[in-house]
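Me: I'd like a close look at just one part of this protein, please. Pick a pocket and walk me through its walls.

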Amino acid sequence: MSDLFARHRAVMPNWLSIYYDEPIEIVRGKGNRVVDAEGHTYLDFFAGILTNMIGYDVPEVREAVERQLATGVVHTSTVYLLRGQIELAEKIARLSGIENAKVFFTNSGTEANETALLLATYARGSDQVLAMRQSYHGRSFGALSVTSNRSWKNNSLSPLNVHFLHGADRHLPQFRGLSDAEYIDVCVADLRHVLATAVSNDVAALIAEPIQGVGGFTMAPDGLFKAYKEVLDEEGVLFISDEVQTGWGRTGSAFFGIQNHGMTPDMMTFAKGLGNGFAVGGVVARGDLMDGPHAVGLATFGGNPISMAAANATLDYVLDHDLQSRAAVTGEILLGGLREAKDRLPILGDVRGKGLMFALELVDPATGAPAPALAGRFMEETKKLGLLAGKGGLYGNVLRMAPPLTLTDDEAREGLGIIVTALETIDEEVGR
């Protein structure tokens, strides 16, 4: 164990997850690559858990932050006018497609989801909330209550009365073999049954990730959430789309993940990539919902001048360089190559994703059962080959990857080569 890792273990909580048998310290970054303290270079396919959205040392972001620092004003708080906050809110409101949208900035996705749940329960006068099986919405008390993944839940206590829906669990026996349309019909029927049996009147909201992050990039078929919203609208139930990981063009096929379903939610939460490493989160919602609560509120650090400078520069960069289209192109290089590899690698149980948000599910080739040990082996092998990936999924057997949206075609092919080489090595080891 390295000295730094030993010091980490001594003062940081045991439940704080850290990758690799020999953890790395990242000390430099440029473009889509990082360098560790030992001088090893890695192509980054996890981007700080989808946070370094346009890569490292981006001049436009760095210079925007430096200009703000040069004013001497790092913080003033929301009791004063913040030009950068207002400018960013105007952009997000316009991009959201939500009618009469207003924006509230927080420090993280967890805090954003807490805010959205507060707005919804206040508006509806109810603590009843619907969420999706296998979901993850943050580590706070309220966010964990709408999280449906046993590995991430610390207790059964909850400030909310929550019921979980189907939608991203097609691996279950009762759903195998169903077409997208048939699966949507079954899920909608189940939603109606939940509303008829498991709740009283005035459910506050459904909160859902268009693509589940911690869940292993599992996703509902396009159109399910539109079908869900049509049912929810009958009773005035609100729809919250958790765009913390899927927003800002990452899926390639839409700017916000929920738009792949052909619908506009009542609220969207966001964080991670918007600040390209600077702490920012928030909620964009219908104006009546945002204005509803009667008590005074603020976020001391939410929307501070530094994070707003970074976020404005990042969002402008994404739009000016049409990175949504780039995500579609490079995502197809990666997903296409991985789907070809799946046909000849028995350990590769599934390849899924949209744009630059894709996952590999590793299984026991003899039984098809989830193989978390093989996922751990993949992490070590790709590290050795110079690529950083992520791990997760309900059963711990999913490799999830989401490179910066600035990934070039050549880097996509390079990353694909490393991934396939690692899979081939592990497949050969298992087959011996």
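Reply: Let's take the second largest pocket, whose lining has 19 nonpolar, six polar and two charged residues (Ala, Val, Leu, Ile, Met, Phe, Trp, Tyr, Cys and Pro count as nonpolar, Asp, Glu, Lys and Arg as charged, and the others, Gly among them, as polar). Keep in mind that this is a predicted model, where local features need pLDDT of at least 70 and side-chain atom pairs 80 or more, while totals for chains, interfaces and linings use all residues. Residues are numbered from 1 along each chain as its sequence is written, and side-chain values use heavy atoms, without hydrogens or water.

In all, 27 residues line this pocket (an open set of points on a 1 Å grid over the protein atoms alone where a 1.4 Å probe fits, with protein on both sides within 12 Å along at least five of seven lines; lining residues have an atom within 4 Å of a point). Val-103, Phe-104, Met-290, Gly-297 and Leu-298 are the ones nearest its centre. The space inside comes to about 710 Å³, taken as what probe spheres set on the points fill, with points joined across faces, edges and corners.

So who builds the walls? At least two residues each come from α4 (83-96), β4 (101-106), α5 (109-124) and α9 (287-291) (DSSP runs numbered from the N terminus: helices are H or I, at least four residues, and strands E, at least two). β4 gives the largest share, five residues.

Now peek at the loop between α4 and β4, where Asn-100 sits. Asn-100 has a positive phi, near 50°, though it's not a glycine.
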